[in-house]
Amino acid sequence: MDLTRIDVAMASKPYPVIIGEDVSSRLGTLLDEVGFPARRVLVSSPRVWRLHGTRVGGALGAQASVLVPDGERSKHLRTVLRIYDGLIAAGADRGWGLVAVGGGVVGDMAGFAAATWLRGIAVAHVPTTLVAQVDSAIGGKTGVNLREGKNLVGAFHQPSAVLVDPGVLGTLNTREYRAGLYEVLKYAMACSAALFERLDRDADAIARRQAAAIRPVVEDCCRTKAAIVAADEREGGPRRVLNFGHTAGHAFEAVTRYGRFRHGEAVAYGMLVAVDVSRRRGRLDAATQDAFARLLFRFGDLPPIGDLAAADLVAAMAHDKKIVDGRLHFVLPTGIGQVEIVNDVSADELRAALVAVGCGE
Ligand SMILES: NC(=O)c1ccc[n+]([C@@H]2O[C@H](COP(=O)([O-])OP(=O)(O)OC[C@H]3O[C@@H](n4cnc5c(N)ncnc54)[C@H](O)[C@@H]3O)[C@@H](O)[C@H]2O)c1
């Protein structure tokens, strides 16, 4: 069996990310091997379960299961209450583990439920979207949205294991898959010129989801994320580079009430904004800006934004969690695979960049 193991060497709690096409059909055994609790509650969504439940469920043998709606609009406390109901019905005590099978929304909510149920039980992630495989399942950030903003309520709670089967990506619709590719591009632009080159070279095969092209990309991203979060569990330092594209990205999601963009699409716009701010400041050359935008749009078009007012987006950014002491922290690229974090981006600079990427005045 061809499995890749990447260790997240976190001081407080090291854990493995295991990647391979056989992972889904061997879930139970793999969890046993990492010492995960034998009594398990599965959390998934109806859609994911319809597509992959037979294989995953058979291999997992959970004592109980809870299906909750996914998608950004379901990511709130009321849905988490349904997970607690499932834990109550199962009689889950501290010796139980929760296994999240789904995209980032199921993972973030199930992770939050695990962090808070009886003050914390074990969780394992089985991410089924590209976003979740390359990003959200690793690093222990959990949480839900409030009407006032994304992920405003949450906790850090590291999983015991992350089990990644790139084969399940075949059933994602094109838009969801593409949204994940924008997150992949985030790693490339923020952290890895080598990944950027790989994406540029293999863009067509990756877009067509050729297994041989996707798996090394997923592995590269997991390796990068594992190294970054291991060095910075609670986002005090190096981990903030992964917020590249997220400051403006969250604003795009908030002003459209999470209804228009997939998260990755909003991040794509956020990255275009950050790249434009950086180029206007003279920190990034125009050729690199072009190369970035060209690669991004090779993955497909983004939803239109001409009806969104730049001023509303700037106001939404003022609510961002990345404000420290009244200053908004912004991740700006200075080259391919390199970023700097600044806290002096003005509203005027943001407005100009937002208009340049297509927003209204
Ligand atoms: N915790 C973190 O560090 C972190 C990092 C990045 C993103 N996130 C969060 O992740 C969320 C976005 O995650 P997402 O993009 O996975 O969204 P999602 O979980 O809503 O999934 C998107 C859609 O894909 C469907 N789906 C999932 N797996 C599928 C499969 N294999 N085949 C077919 N359909 C499938 C789902 O049913 C859903 O309709 C956001 O809420 C974001 O805040 C968290």
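Helices H3 and H4 sit oblique to each other, because their packing angle of about 55 degrees falls outside the ranges that count as roughly parallel, antiparallel or perpendicular. Keep in mind that this is a predicted model. Beyond that helix pair, there's a second thing to look at here: the protein is divided into domain 1 (4-171) and domain 2 (175-357).

**The H3 and H4 pair**

- H3 covers residues 77-90 and H4 covers residues 104-116, and their axes are 10 Å apart.
- Where the two helices pass, the crossing of H3 over H4 is right-handed.
- On the H3 side, the residues that meet H4 are Thr-79, Val-80, Ile-83 and Tyr-84.
- H4 answers with Met-109, Ala-110, Phe-112 and Ala-113.
- Sort the residues of this contact by class and you get seven nonpolar, one polar and no charged.

**How the two domains meet**

- Taken over C-alpha atoms, the centres of domain 1 and domain 2 are separated by 25 Å.
- The contact between them involves 28 residues of domain 1 and 30 residues of domain 2.
- On the domain 1 side, the elements that give two or more residues are strands E1 (4-8), E2 (15-19) and E8 (149-156), along with helix H5 (130-136).
- H5 gives the most to that side of domain 1, with five residues.
- By class, the side of domain 1 that touches domain 2 is a mix: 14 nonpolar, nine polar and five charged residues.

Definitions and conventions
Residues are numbered from 1 along each chain as its sequence is written. This is a predicted model: local features need pLDDT of at least 70, side-chain atom pairs count only at pLDDT 80 or more; totals for chains, interfaces and linings use all residues. Axes are lines fitted to C-alpha atoms, for helices over the stretch in contact, and angles run from 0 to 180 degrees between N-to-C directions. Helices (H or I, at least four residues) and strands (E, at least two) are DSSP runs, numbered from the N terminus. Angles under 35 degrees count as roughly parallel, over 145 as roughly antiparallel, 65 to 115 as roughly perpendicular and the rest as oblique. A crossing is left-handed if the near helix is turned anticlockwise from the far one by less than a right angle, and right-handed if clockwise. Two residues are in contact if their C-beta atoms, placed from the backbone, lie within 7 Å. Ala, Val, Leu, Ile, Met, Phe, Trp, Tyr, Cys and Pro count as nonpolar, Asp, Glu, Lys and Arg as charged, and the others, Gly among them, as polar. Domain bounds come from an automatic or database domain assignment.
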